[in-house]
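Grab a pencil and work through these short exercises on a protein and its ligand. Try each task before you read the solution.

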Amino acid sequence: MKIEEFTLERIQSLYENTVEYNLSDSGVHPYSLRELLTPSEQRALLDVELGYGWTNGKVSLREAIARLYPGRDADNVIVTNGSAEANFLLVMSLLEPGDELVVFVPNYLQILGWARAIGVNVKQVLLREELGWTPDLDDVRKVVSTKTKMMTICHPNNPTGSLLSRETMDGLVAIARENDVYLHADEVYKGAELESQEPPSFADLYEKAIVTSGLSKALALPGLRIGWLVGPAAEIYASWQSKDYTSITTSAVSEFVAEIVVQPAKRQEILARSKRILRENLAVLSAWVEKNSDLFSFVPPKAGGMAFLRYSMDINSTTLIHRLREERSIMLLPGDVYGLDKYIRIGIGAPAEHLQAGLERLAGFVRSELR
Ligand SMILES: Cc1ncc(COP(=O)(O)O)c(C=O)c1O
């Protein structure tokens, strides 16, 4: 089996630690353990026994995660190493060569890459910029049929920060139900809505929904490497079979911390911090885009840690980001990785001064070198 390069991740792995202004990060500035835990929780952490634990996740952690999804219990949850492993297990346990998968693009692209690698027939539906980067349900109806095994959507969306209206969520569920297909949603950015209330999970709306989530993005704890899948018990059990072949278990230390983090009050406290950082930064970015509106425009994100900017300069997006990196020590993600040239993805989860200074340097480069 050959897998295509995951350019989105590869570019970041190669360069994000080599620049002064890394604006390619897709999450919120992370917590330290000291900032996150109370002194008594920190002391309790020192007593955590470093055994293997449960291969599908500590029971009390699975129960706590299940409580975030009304009507679900521990059998509907598997704990994984990051949401990346959750996405991987989903593909490996539920899709087979020749299956048809409908993917909404642009998105994080991990599932698309794995699905193609194992010989799944991938069909794409575009999120439309003119609809605030959401799908036109007629486009979906044209592509989905009873031959489709699964639809997959990243919601809130990476890279655009778009959110679906409740009507569109219900519309997707109706199409899935009519055709009896799985509806997978990567909801790792859920909870980081900038203006609106947190939407329901697709797991709350559809019996054949499978949801990927975790602590890395809205919850600002990527270093814990904790993610999960939530879905029907049989499908979750099938993903556990694959987990025995991947990482066996998650870290006991991370599970201890995760159990604290997913308690509703703590989760809300963390989300409030994330939203404060993201709102402040979105204000910085919006003011900058307005000032540079001859060069940049965007549909402001409604949730999540990034914005997707359109630019008018006559330069390819990959060339642009490499020149910015080499000549100004700024790191961005090119629209090319999503198959959308003339866009750049910019993280809005960093400290505001960092973003502000990076943006000024970016505008300076464009005005002096590309005009
Ligand atoms: C939408 C989405 N899903 C999953 C992941 C993987 O995240 P992690 O494994 O850190 O939870 C990412 C990382 O950028 C992402 O943006």
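A polar contact here is a pair of N or O atoms within 3.5 Å; within protein, one must be able to donate a hydrogen and the other to accept it, and residues adjacent in sequence count only if both atoms are side-chain atoms. This is a predicted model, where local features need pLDDT of at least 70 and side-chain atom pairs count only at pLDDT 80 or more, while totals for chains, interfaces and linings use all residues. Residues are numbered from 1 along each chain as its sequence is written, and side-chain values use heavy atoms, with hydrogens and water left out.

**Exercise 1.** Find the polar side-chain partners of the ligand.

*Solution.* Start with Asp-186: an N or O atom of its side chain is 2.6 Å from a ligand nitrogen. Next, Arg-225 puts a polar side-chain atom 2.7 Å from a ligand oxygen. Then check Asn-158, whose side chain has an N or O atom 2.8 Å from an oxygen of the ligand.

**Exercise 2.** Sort the shell around the ligand by residue class.

*Solution.* Count five nonpolar residues (Ala, Val, Leu, Ile, Met, Phe, Trp, Tyr, Cys and Pro), three charged (Asp, Glu, Lys and Arg) and six polar (the others, Gly among them).

**Exercise 3.** Which residue does Glu-35 form a salt bridge with?

*Solution.* Look for a side-chain nitrogen of Lys or Arg within 4 Å of a carboxyl oxygen of Asp or Glu. Glu-35 pairs this way with Arg-273, with 3.5 Å between the closest N and O atoms. Now place the two: Glu-35 is in helix H2 and Arg-273 in helix H11, 238 residues apart (helices are DSSP runs of H or I, at least four residues, numbered from the N terminus). The structure holds 22 salt bridges.
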